[in-house]
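Q: Please examine the model below, and let us ask on what grounds each of its features receives its name.

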Amino acid sequence: FSHKLALEAERVLKAWGSEVQVFDPHALPVFDRQSYDHPEVQRLRAASLWSEGHVWISPEQHGSMTAVFKNQIDWIPLSDGAVRPSQGRTVAVMEVSGGSQSFNAVNAC
């Protein structure tokens with residue numbers, strides 16, 4: 001359902017005239033502070049710098065966000081020089097969940 005939510009967010013944002021890139025984090029290497037030249041890490045960072053806003057979507061798993069999603073966040077640097085990649089950008093955080101631990105992924109972000 002999270003993937004369907006991402007596609008719906010993409011559809012709505014495009015209908016409002018936004019340019020949208022959807023990033024699937026499954027090809028990212030496990031965060032290790034050494035693989036910065038990996039093509040998927042470079043693609044994620046380029047998309048982050050290109051954007052004016054982010055929509056982050058993760059399913060809830062074991063009361064938190066998934067490891068794949070956390071790995072993606074870890075690859076976005078806290079700062080590049082003196083600039084934070086998220087500085088001046090809007091971030092929307094979404095989750096599809098209906099269980100007793102609903103919204104834990106959102107709260108973890």
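A: The model is a predicted one. A convenient starting point is Gly 17, which follows helix α1 and has a positive phi, near 95 degrees.

Q: How do you know that α1 has the length expected of a helix with its number of residues?
A: At 1.5 Å a residue, the 14 residues of α1 should span 20 Å, and the C-alpha atoms at its ends are 20 Å apart, so the two values agree.

Q: What makes the buried residues of α1 a face of the helix?
A: The buried residues of α1 are Ser 2, Ala 9 and Glu 10. Viewed down the axis of α1, the buried residues fall within an arc of 100 degrees, so they line one face. The cover over these buried residues includes strand β1. The face turned away from the buried side carries the exposed residues Lys 4 and Ala 15.

Q: Why is the contact of Glu 10 with Lys 14 called a salt bridge?
A: The limit for a nitrogen-to-oxygen distance is 4 Å. The closest N and O atoms of Glu 10 and Lys 14 are 3.3 Å apart, and the pair is accordingly a salt bridge. Glu 10 and Lys 14 are four residues apart in helix α1, which means that about one helical turn separates them. In general, an α-helix has 3.6 residues a turn, so residues three or four places apart point the same way.

Q: Why is Lys 14 described as partly exposed?
A: Buried requires under 20% relative accessible area and exposed requires over 50%. Lys 14 has 45% relative accessibility, so Lys 14 counts as partly exposed.

Q: How many salt bridges does the structure hold, and what makes Glu 40 and Arg 43 one of them?
A: There are four salt bridges in the structure. The side chains of Glu 40 and Arg 43 meet at 3.1 Å, N to O, and the cut-off is 4 Å. Glu 40 and Arg 43 are three residues apart in helix α2, or about one helical turn.

Q: Is Glu 40 buried or exposed, and how do you know?
A: Glu 40 has a relative accessible area of 17% and is therefore buried, the cut-off being under 20%. Beyond its neighbours within four places in sequence, Glu 40 is in contact with Phe 23, Asp 24, Ala 27 and Leu 28. Its salt-bridge partner Arg 43 has 40% relative accessibility and so counts as partly exposed.

Q: What makes Asp 74 and Lys 70 a salt bridge?
A: The closest N and O atoms of Asp 74 and Lys 70 are 2.5 Å apart, and the definition asks for a distance within 4 Å. Asp 74 and Lys 70 are four residues apart in helix α3, about one helical turn. Asp 74, at 28%, and Lys 70, at 38%, are both partly exposed.

Q: Why is the pair of Tyr 36 and Trp 75 called edge-to-face?
A: A search of the whole structure finds three aromatic pairs. In the pair of Tyr 36 and Trp 75, the ring centres are 5.5 Å apart and the planes stand at 90 degrees, so the pair is edge-to-face; the criteria are centres within 6.5 Å and planes over 60 degrees apart. Tyr 36 lies in the loop between α1 and α2 and Trp 75 in helix α3, so the pair ties together parts that are 39 residues apart in sequence. Tyr 36 counts as partly exposed because its relative accessibility is 31%, whereas Trp 75, at 0%, counts as buried. Phe 31, Tyr 36 and Trp 75 form one aromatic cluster.

Q: Why is the pair of Trp 56 and Phe 69 called edge-to-face?
A: The ring centres of Trp 56 and Phe 69 are 6.0 Å apart and their planes are at 75 degrees, so this pair is edge-to-face. Trp 56 is in strand β1 and Phe 69 in helix α3, 13 residues apart, and the pair thereby links distant parts of the chain. Both Trp 56 and Phe 69 are buried.

Q: Which residues make up the largest nonpolar core?
A: The core has nine residues: Phe 23, Leu 28, Val 41, Leu 44, Trp 56, Met 65, Phe 69, Trp 75 and Ile 76. Helices α2 and α3 are the elements that give two or more residues to this core. Leaving aside neighbours within four places in sequence, Val 41 is in contact with Leu 28, Pro 29, Ser 35, Tyr 36 and Trp 75.

How values were computed
Residues are numbered from 1 along each chain as its sequence is written. This is a predicted model: local features need pLDDT of at least 70, side-chain atom pairs count only at pLDDT 80 or more; totals for chains, interfaces and linings use all residues. Side-chain values use heavy atoms; hydrogens and water are left out. A nonpolar core is a set of buried Ala, Val, Leu, Ile, Met, Phe, Trp, Tyr and Cys residues joined through side-chain atoms within 4.5 Å. Buried means under 20% relative accessible area, exposed over 50%, partly exposed in between (1.4 Å probe, protein chains only). Contact means heavy atoms within 4.5 Å. Rings of Phe, Tyr and Trp (its six-membered ring) pair if their centres lie within 6.5 Å; planes under 30 degrees apart count as stacked, over 60 as edge-to-face and the rest as tilted. The expected span of a helix is 1.5 Å times one less than its number of residues. The arc is that of the directions from the helix axis to the C-beta atoms.
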